[in-house]
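Trainee: Hi, have you got a few minutes to go through a structure with me?
Mentor: Happy to, let's pull it up.

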Amino acid sequence: MVLTRPKSPDIQALYQGPEAFKHIEALTSFGPRVAGGPAEKAAADYIAGQMENYELIVEIEQFPVTYFEDLGATLEIIDGAALSPNILHFSPSGEFTAEIVNCGLGFPEDCTPDVAGNIALIQRGELLFWQKTQNAAAAGAIAVVIYNSEPGNFMATLTFVTDIPAISVSLENGTLLLDLLEITSVTVHLNVETVISESTSQNIIGTLEGTDPDPSILYLGAHYDSVSVGLGANDDASGVAAMLEAARVLSTKVQQVKTTLKFIAFGAEETGLEGSENYVMKHEAEVRNKGLGMINLDMIAVGETLLIGSMGLAESSLVNYTSDKAAAMDIYWQPFAPEARGDHAPFETVGVPVVFLYQIHDPWYHTAEDTPDKIDIVTLEINGELATTVMYEWA
Ligand SMILES: [Zn+2]
């Protein structure tokens with residue numbers, strides 16, 4: 001592979017950070033883009049519309065997801081304090097007045113028979129939240145309260161819908177309940193309100209066809225859904241915005257590219273890579289036989305340092321090429337070996353060379369503060385230029 005071709009400065013001149021930023025403003029204007037919800041759907045329509053403007057061939061592929069909405073929870077000790085619970089993602093609703101029973105770490109042997117008809121208090125750690133909750137349900141508990149193993153409360157997902165409601169509280173709240181249980185029985189009023197429904201999410205695929213008679217395919221991906229607590233400006237409207245700007249720039253170069261370019265906005269990443277897994281499952285022969293490489297952009301516009309890496313399952317040529325290009329562009333970057341927690345994972349698992357671009361550290365990750373004003377437009381532009389240049393040269 002030739003390391004540098006003279007055409008890349010042209011790409012950098014065409015690529016505009018402020019244009020990409022407009023997409024972040026548009027995507028965040030719909031509210032939190034929770035998988036299967038109306039804001040995610042509105043964002044999907046926006047992305048498809050932009051791709052059509054750039055004259056890409058646009059396909060929308062739907063797949064089933066479980067939509068979940070957190071409407072809030074309360075937990076009050078009768079004749080005592082009101083605690084501050086968080087709802088675990090995929091918890092069903094429920095309202096109860098019942099006793100709290102200590103169930104240790106939530107192993108089956110930790111739950112005594114008196115938990116039947118009552119609420120299990122469980123410490124965080126060792127078992128999955130889903131497993132703790134289902135163990136308590138099997139012992140007859142009507143709800144679980146999982147307390148943190150370090151100060152403060154936490155947010156987490158059960159990954160799957162559980163049989164009984166599950167909330168989390170801080171270590172301080174958990175300790176308060178345990179101290180009271182040493183002295184007396186503790187009755188609480190618990191109310192958990194959530195919405196769970198079967199819905200659909202979708203991947204939006206924009207294609208620029210290569211000039212080769214039987215072209216290979218290079219993928220550029222980013223996820224457009226977000227967590228429920230925030231607008232996901234950096235996570236991952238930034239990646240989608242950079243991908244759309246790359247599509248705009250490369251649509252002007254279509255006569256010069258031998259390889260087919262596929263720009264994919266994945267739905268339902270936050271709920272467990274559902275969009276990218278669905279794509280690779282549905283198009284496994286295409287991905288395996290024609291996939292030349294996959295560039296994943298997730299959280300690329302907040303923080304000081306760009307991380308460039310892959311899981312190391314496929315050959316590392318695309319990582320090496322991107323790293324060399326980043327150095328040539330005077331980008332401050334570090335190598336890393338990401339886990340299988342990103343949309344690159346399903347592609348790399350079937351042997352496609354991938355490169356994952358991820359900027360650290362984002363202090364507003366998965367919070368209500370992940371808003372467009374936190375975006376660094378210069379970083380958004382530089383990282384987007386890197387991805388677009390690599391895509392153009394590699395193709
Ligand atoms: Zn993300």
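**Burial, packing and pairing**

Mentor: Buried residues make up 51% of the 395 residues in the protein. Buried here means that 20 or more other C-beta atoms lie within 10 Å of the residue's own, exposed means 12 or fewer, partly exposed is in between, and C-beta atoms are placed from the backbone.
Trainee: Good. Anything to know before I start clicking?
Mentor: Yes, this is a predicted model: local features need pLDDT of at least 70, side-chain atom pairs count only at pLDDT 80 or more, and totals for chains, interfaces and linings use all residues. Residues are numbered from 1 along each chain as its sequence is written.
Trainee: How many helices and strands are there?
Mentor: There are 11 helices and 14 strands. Helices (H or I, at least four residues) and strands (E, at least two) are DSSP runs, numbered from the N terminus.
Trainee: What does the C-alpha trace span along its principal axes?
Mentor: About 75 × 35 × 35 Å. The radius of gyration is 24 Å, which agrees with the value near 21 Å for a compact globule of 395 residues. That radius is taken over C-alpha atoms, and the globule rule is 2.2 Å times the number of residues to the power 0.38.
Trainee: Switching to β7, which strands are joined to β7 by bridges?
Mentor: Strand β3 (residues 86-87) runs antiparallel to β7, with 2 bridges, and β6 (residues 143-147) runs parallel to β7, with 4 bridges. Two strands pair if DSSP finds at least two bridges between them. Asn86 has Ser168 as its bridge partner, while Tyr147 stands opposite Val169.
Trainee: And are the faces of β7 covered or open?
Mentor: Both are covered: Ala166 and Ser168 are buried on one side, Ile167 and Val169 on the other.
Trainee: Now helix α7. Which residues are buried there?
Mentor: In α7 (residues 274-282), they are Glu274, Gly275, Ser276, Asn278, Tyr279 and Val280. They pack against β1 (57-77), β8 (187-208), β9 (217-223), β10 (260-266), α8 (284-290) and α10 (344-349).
Trainee: I landed on Phe63 in β1. Why does Phe63 count as partly exposed?
Mentor: Because Phe63 has 18 C-beta neighbours inside 10 Å.
Trainee: What is Phe63 in contact with, beyond its sequence neighbours?
Mentor: Leaving aside neighbours within four places in sequence, Phe63 is in contact with Thr200, Ser201, Glu274 and Asn278. Contact means C-beta atoms, placed from the backbone, within 7 Å. Glu274 and Asn278 are among the buried residues of α7.

Terms used: Contact = placed C-beta atoms within 7 Å.
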